Amino acid sequence: MDGIHDLGGRQGFGKVRFTKNAKAFHEPWEVRANALYGYAARLGLINMDEYRHAIERMDPRHYLTASYYERSLTGLATLCVEKGLVTREELERLAGGAFPLSAPSAPGRGNAPHRERFEPGDRVRVKEDFVPGHVRMPAYIRGKSGVVVSETPAYPFPDAHAHAVSAQDEPTYDVRFRSEDLWPNSADPALVHVGVFQSYLERVK
């Protein structure tokens, strides 16, 4: 899905702010929120793609004002409600007030029916797919061409894995793009590497 979470490569937001040697946690509740997410994943109650998609579905205003661990907690709580592990009323009773959850999910999709295997040096193009469900295809590379550098081990196709849709595992390819191709007349010369799932790619003839 295209949402407020997909800001990679977008212009107009200024420099990326960061704090050198920043602490991983600032409040005790953040440690607990992180532990709950890890425990739920270890128990097999959720998978990483479901978790990512639950965060993507947050109300944009909530997403932009929430901290990292608030987003994590919102995503986990949303999945727990959707899976029947807890009710929203129980959450709000424990929280002593409103507990915002993410919007309902849209349907997912399976692997592309026709997929090619690529080798280092192959020139590929990222498809211009726009899907309502989870997708791991950054908006700024859609429709852009690059060169395959390497292949990683196969992983569950995220567009399906986030929605309990049956699908085959597939590799991602490290694709090298020219910054001038991604942002014409708006970027200094550089090379940008992105891990792109096989279903998102087509060969440049």
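A surface patch, as the word is used here, is built from residues with over 30% relative accessible area and no salt bridge, with nonpolar side chains joined within 5 Å. In this predicted model, Y39, L43, L45 and L85 make up one such nonpolar patch, and together they offer about 400 Å² of accessible area. Y39 belongs to helix α1 and counts as exposed, because its relative accessible area of 52% lies above the 50% cut-off.

That makes α1 a handy place to look further. The helix runs over residues 28-42, and its end C-alpha atoms sit 21 Å apart, which agrees with the 21 Å expected for 15 residues at 1.5 Å a residue. Its buried residues are E30, A33, Y37 and A40. These cover an arc of only 95° around the axis, so they fall on the same side of α1. The general rule behind this is that an α-helix has 3.6 residues a turn, so residues three or four places apart point the same way. Cover for the buried residues of α1 comes from, among others, α2 (48-56) and α4 (68-82). Turned away from that buried side is a face carrying the exposed residues P28, R32, Y39 and R42. Just past the helix, G44 adopts a positive phi of about 80°.

As for the protein overall, there are seven helices and seven strands, arranged along the sequence as α-α-α-α-α-β-β-β-α-β-β-α-β-β. The C-alpha trace spans about 60 × 40 × 25 Å along its principal axes. Of the 205 residues, 37% count as buried. About 12300 Å² is exposed, with carbon and sulfur atoms supplying 54% of it.

Methods: Residues numbered from 1 in each chain as written. Predicted model: local features only at pLDDT ≥ 70, side-chain atom pairs only at ≥ 80, totals over all residues. Heavy atoms only, no water. Helix = DSSP H or I, 4+ residues; strand = E, 2+ residues; numbered from the N terminus. Expected span 1.5 Å × (residues − 1). Buried < 20%, exposed > 50% of the residue type's maximum accessible area, 1.4 Å probe, protein only. Arc of directions from axis to C-beta. Contact = heavy atoms within 4.5 Å. Patch = residues over 30% accessible without salt bridge, like charges linked within 9 Å, V, L, I, M, F, W, Y side chains within 5 Å. Areas by Shrake-Rupley, 256 points an atom, 1.4 Å probe, with all protein chains shown as cover. Salt bridge = Lys/Arg side-chain N within 4 Å of Asp/Glu carboxyl O.
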